[in-house]
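Biologist: I am new to this structure and would like a close look at one single part of it. Please take one helix, say how it is built and what lies around it, and then place it within its chain and beside the partner chain.

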Amino acid sequence: VTEALRLPALNRRHAPLLVVGALVVFALLYVLVIASPPPEIGGNWRSTTFGSAVHDPGSFLRIFLDSITFAGALFIVASGFALIFGLMRVVNMAHGSFYLLGGYIAYEVQQAMTGQGFSIPTSEVNTWEWIVPLVVAAPCIAVVGLVTQQAFLRWNQGQELRQALITIAISVIVADQIIAHFPRATSTVAQKFGGNAVSLSWPGWTDRFVNLHVWSVQYSLARFVMLGLGVAVGVGLWLWLYRTKTGMVIRAGVDDQKMTAALGINIQRTFAIAFVLGSALAAMGAVVWASQSNIASGQDGAWLLNSLVVVIVGGMGSIFGAAAGAILFAFVQNFGATYLPTTGADCCTQYSPILTFALIALVLAFRPQGLFGRPG
Amino acid sequence: MIDPRTWSTKTQIERSLALVVLVIVVLAPTFLSPNWSHNILNETFFFGLTAASLTFLSAYGAMVSLAQTALFGIAGVIIGNLATAGGPGGTSKGLHLGWDPTLALVIALAMTTVIGLLFGAVASRSAGIYFLMITLTFAVIATQFLGLVTIVSGFSGIGGINRYVPGWIGNVLDHPNRLYYVSLIAAVAVYALIRYIIRTPFGITLQGVRDEPIRMASLGYNVPLHRTLAFGFAAFTAALGGVLYVWWSGQIAPGNVDLPETINLLIMAVIGGLARIEGAWVGAFVFVLMQNYITDAVKVPLLGFGGTIFGGKFPTLIGIIFLVIVLVSPGGLMGIWDRAFELRGRLGRWRPAAPQPTGPRG
């Protein structure tokens, strides 16, 4: 009995894991109890914007909700990227450009429907005027994705690097064309074209705060809708991949492309479906996030990075990986920006990109295939 | 070894061409316009240098790195922080430590190499397409970091660095020829160094790791270590390019290392050819030429650049050229050159055996 209870002997190989574990525990403790609100002047290593969760549970809950709702939008975009990558081993470097194009198309449709020109008060947008832009933009981008796949990628199957370079070329062209042609519906000529920042509007009924009755936190209903859409996409993808024949074929393709094709399954059709759906998800994510924040030329790089980080951290070809990656990345980003020490204008919350790097480095050090990825 | 008669026809042609090009670029400042020597050729040298770090990793390590532009910028930011002194006119961001420029140069190269080793260590257990993705995240994170951390850079970046060039180079603002020759020497030295490294035991092991990582690992070679060291060397090369860039342009900002710039460097390397080191400079030259002459070129009537149908600007055109190169010749321009000789060889074989030529070949 004593033998079984004894902990396995620690040796040198466990040292990195212990160090990392200690760091993670420290980070959690820091956010939960160690941090303190900043004094009037200056501050020290314990000073953060809101103090720890114990000091200010309301702010902690808000950041928590910010993270989890952002993860919803992140998941929508990144799951499309992961679907394409998992099945076809195509790193679609144009995913960010597709995202941007989808957002601008939806913006134009919403402007045309409401006839407002540039800035629409949310209260004047009804549910249809949000859904129609979505169902117009998503198929548009799906077609762009399909054309890309059929015209350029299909005959380069298996040449991963060449396919990545092709999608980079397409992303350069699409990004420049966006600058040349969008946004079109603006109130002044100066704001027209040039990829200026614009935003969609959520339907009017989402524009209110929900009283959570916990630590007197009021939270935006629109962000809950965003989370709900993320969860709906996740559940939908899961049902599709695990409960339908097409999904079964796709999972078989992820595991062994050649064997699947040898069984008489039209793998090319499956590839086309994956590309259509993956691109449409980029557009859907753009509609969701552009309603919450905005879209502007240059954000294609940021969303390509978001998708890459989610897939690298979560692992390739798994929707659970994409979900886990999206949640982890959203938490690291939001908490890093709020819970790094702040001792003045020059320090230190702006160092949060390092945390993204640390997240990638840690995951890759222990699991090169990502959290939910399978080796090889 | 140095007996030209033992070289193949192709090698003879290539080396003669290289010699001609070398003579031209050494004499260039005497007969070319300043725009050509101080901008186009000088840019070719240091962008080619940076592109060569990408080509080196790709050709000999099967690692296509998108972090080279970030390392290029990191070196520029470090030397900008260390060397500039602020003061009147020093409104740009940065620490303005005002150290000796030579010391700043050494530290910038060393620190960037260390950062490169760190990047390499994180990415070293991945290869191929994963390596590309991981290094791209490094690039974007570095850009964000430089933009957010106003104490070292901020979005406006650092300016006036070309007033703090080491004394042994002199004032590059008044004597741009000096910087031209420094860039030329650096480019030739890096080219020679890469040609040397790939012949050393390390270089040969690296090529083994490129072709058969699993076999090399089972033979007892440390695969991640070789990849990391190669990445460190490439970081050093990219840092050299970055330092020459800030001495030339005087400024560095996150905008010089962002995603479009990262892709531009990749385009240079791919246009030249990812399989041969020479391609880096060929690609950089072609890219810089296009950048200088197409940007304000007349509108292409049928396609309507700057006009009607596409309406895009330079990136659209360079994107289309890049796409065509990738689709038509994955080996880039050097690949076309190589294939032309292959084709010639194949055609030659069909002819009846000709008597061995006794005169000069080629």
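Modeller: In this predicted model, a good part to begin with is helix α6 of chain B, which runs over residues 176–197, has 22 residues and reaches 31 Å from its first C-alpha to its last, close to the 32 Å expected at 1.5 Å a residue. Along α6(B), the buried residues are L179(B), Y180(B), S183(B), L184(B), A186(B), A187(B), V190(B), I194(B) and I197(B). An α-helix has 3.6 residues a turn, so residues three or four places apart point the same way. The cover over the buried residues of α6(B) includes α1 (9–31), α2 (34–61), α7 (201–211), α9 and α11 (278–293) of chain B.

As for confidence, chain B has a mean pLDDT of 86, with 88% of its residues at 70 or more; among its elements, helix α9 (residues 223–249) has the highest mean, 95, and helix α13 (residues 332–350) the lowest, 81. Over residues 301–309 of chain B, however, the pLDDT is below 50, although this stretch has 16 contacts in the model beyond near neighbours in sequence.

Turning to the partner, 43 residues of chain B are in contact with 45 residues of chain A, and the two chains bury about 3,800 Å² between them, 79% of it on carbon and sulfur atoms. In chain B, I129(B), M133(B) and L327(B) lose the most area to chain A, together 16% of what that side buries. On the side of chain B that touches chain A, α4 (101–123), α5 (128–148), α10 (259–272) and α12 (314–328) each supply at least two residues, and the largest share, 13 residues, comes from α5(B).

Key
Residues are numbered from 1 along each chain as its sequence is written. Chains are lettered from A and ligands numbered from 1 in the order in which they are written. This is a predicted model: local features need pLDDT of at least 70, side-chain atom pairs count only at pLDDT 80 or more; totals for chains, interfaces and linings use all residues. Side-chain values use heavy atoms; hydrogens and water are left out. pLDDT is the predictor's confidence in each residue, from 0 to 100. Helices (H or I, at least four residues) and strands (E, at least two) are DSSP runs, numbered from the N terminus. Contact means heavy atoms within 4.5 Å. The expected span of a helix is 1.5 Å times one less than its number of residues. Buried means under 20% relative accessible area, exposed over 50%, partly exposed in between (1.4 Å probe, protein chains only). Buried area is the accessible area (1.4 Å probe) that two parts lose on being put together, summed over both.
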